[in-house]
Amino acid sequence: MRQADTLPMDERAGLYEQHAFECHLIARIDEAIKAQQQARVLQQALGNTLKEGDSLRWLSRFAYLLGDRQAADLFGAQAVALLETVPASAELAMAYSNLSQLAMLAERLDETLSLGARAIELAEQLDRPDVVCHALNNVGAAEQWLDLASSRRHLGRSLEIALAENFQEHAARAFTNCACGGMNQLCYAEAQSFLDRGIDYCVENDLATWRDYMRGVRAQLLLRWGRWDEAAAEALDVLGNDQATALVRYPALVALVKLRLRHGDPSVDPLLGEMMRFLERGAELQRLLPYAAVVAEQAWLGEAQKNEALRLIDLAETLSPTRAVFAELASWRQLLVPDIDPGDTAGMAAPYRMLLHGDWRGAAAIWADLDAPYERALALAQGDEAAQRLALEIFETLGARPVASHVRDIMRRNGVNHIARGPRRTTRANSAGLTQRQMEVLQLIERGFSNKRIAEHLTISPKTVDHHVSAVLGKLDAGSRGQATAAARDSGLI
């Protein structure tokens, strides 16, 4: 690249295009955009409409990865408009597939399928399996809400082509959409399989963008399974990567925000602000849904305005292409407004549908079968006294102290007596002589955090962390971090 200015214009443009592609694979999106813009200028000067149109299509993709939905839509439309002025080409087929992908990401299902079909037809005529692979991925991802069997068939074929032809980015994207589909359909073992395979594939092939995106999704899965310490560690590793773009950070951000909200950690606010800022450039439903769910959970706990939560839920409902997409938010709305009509529940996942119709026992049983303790406890909290006591026990075990406190308030309002107060960690901490900050440091030590990561997590200096860690080890009469953790567990501190 340093010698590019000495080369003929067409070779220089090709170098910029290749450089842009490689940069985006390792999450250096700003550099990718600069290189692609230079390539576009050169192709325009050369009068190469095909290559200029393809540059516009790539700029659409890169803009999306930066979280700029409006620019992505604009570049995508410009690419198709330009490429339709010349004979049909593989570049045009890929531009159609790019628009299909953007439509899929916005949950515009009919548009996804029609544009995807157009891309596949043209790509097959031109014998371009890479474009077929890309378009099948879009179609399969959209079909999860319409025809699950067809969705799995098309996603499976997309992954098969990508692996067979060594289309590395397409393979990573197929692994991601297969995993996300499993999460959406509550098929957690299936999601885990695709995530583990996909992350290993990305590590092997240096696909940092997709690797970190999938790690964020895996953090959400670990959270759902009640493995909260592992979820936090996974999410924090992703968020600690300075190269990760807003889009790549988002799944990890969702997991960490939910975790900190349920732990009662005040450091949730800046992260929630980052989630909200992501929506400012275009409220895609897949970003709006988790944000609205978090605000609804805050409102249920009395930590956010109920009217704002309901506004976001109503907005998401208007954008949802099917009732299945809206299932989780419908259950949160019912928690906020218990007497509200749940509306049409057809197509919703079974535990949500049951809960909306008052069958908390059935919902709790399904969540238990899925090893989702927090969701099981939420269902039990809507049941009778015995169920609420069990919910309280689960929340306490998970460390969801604000939620446990809220359930106690509900039980008291319902006239329940002799409610367990939960473990008195502060009393035990005082007996060990630990301050509140030292308790926070101890909990992070137990989660495997290094001193540097503790400093970042608590927004204090590494030197201050060193002092706190030394104090914790001394007060627990421990010679190492492992001994401190063991002593803390034995005494019930953690």
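This note looks at two helix pairs in a predicted model.

1. The pair to begin with is helix H1, which covers residues 9–25, and helix H3, which covers residues 49–65; their axes lie 12 Å apart, and the two helices pack at an angle of about 20 degrees. Angles under 35 degrees count as roughly parallel, and H1 and H3 are therefore roughly parallel to each other. Their crossing is left-handed.

2. On the H1 side, the contact between these two helices is made by Glu 17, Ala 20, Phe 21 and His 24, while H3 contributes Lys 51, Ser 55, Trp 58, Phe 62 and Leu 65. Sorted by class, the residues of this contact are five nonpolar, two polar and two charged.

3. The other pair is helix H13, made of residues 246–263, and helix H14, made of residues 268–278, whose axes come within 9 Å and cross at roughly 140 degrees. Roughly antiparallel is a term kept for angles over 145 degrees, and roughly perpendicular for 65 to 115; H13 and H14 are therefore described as oblique to each other. The crossing of H13 and H14 is left-handed.

4. In the contact between H13 and H14, the residues from H13 are Ala 246, Leu 247, Arg 249, Tyr 250, Leu 253, Val 254, Leu 256, Val 257, Arg 260 and Leu 261, and those from H14 are Val 268, Leu 271, Leu 272, Glu 274, Met 275 and Phe 278. By class, this contact of H13 with H14 holds 13 nonpolar and three charged residues, with no polar ones.

How values were computed:
Residues are numbered from 1 along each chain as its sequence is written. This is a predicted model: local features need pLDDT of at least 70, side-chain atom pairs count only at pLDDT 80 or more; totals for chains, interfaces and linings use all residues. Side-chain values use heavy atoms; hydrogens and water are left out. Axes are lines fitted to C-alpha atoms, for helices over the stretch in contact, and angles run from 0 to 180 degrees between N-to-C directions. Helices (H or I, at least four residues) and strands (E, at least two) are DSSP runs, numbered from the N terminus. A crossing is left-handed if the near helix is turned anticlockwise from the far one by less than a right angle, and right-handed if clockwise. Contact means heavy atoms within 4.5 Å. Ala, Val, Leu, Ile, Met, Phe, Trp, Tyr, Cys and Pro count as nonpolar, Asp, Glu, Lys and Arg as charged, and the others, Gly among them, as polar.
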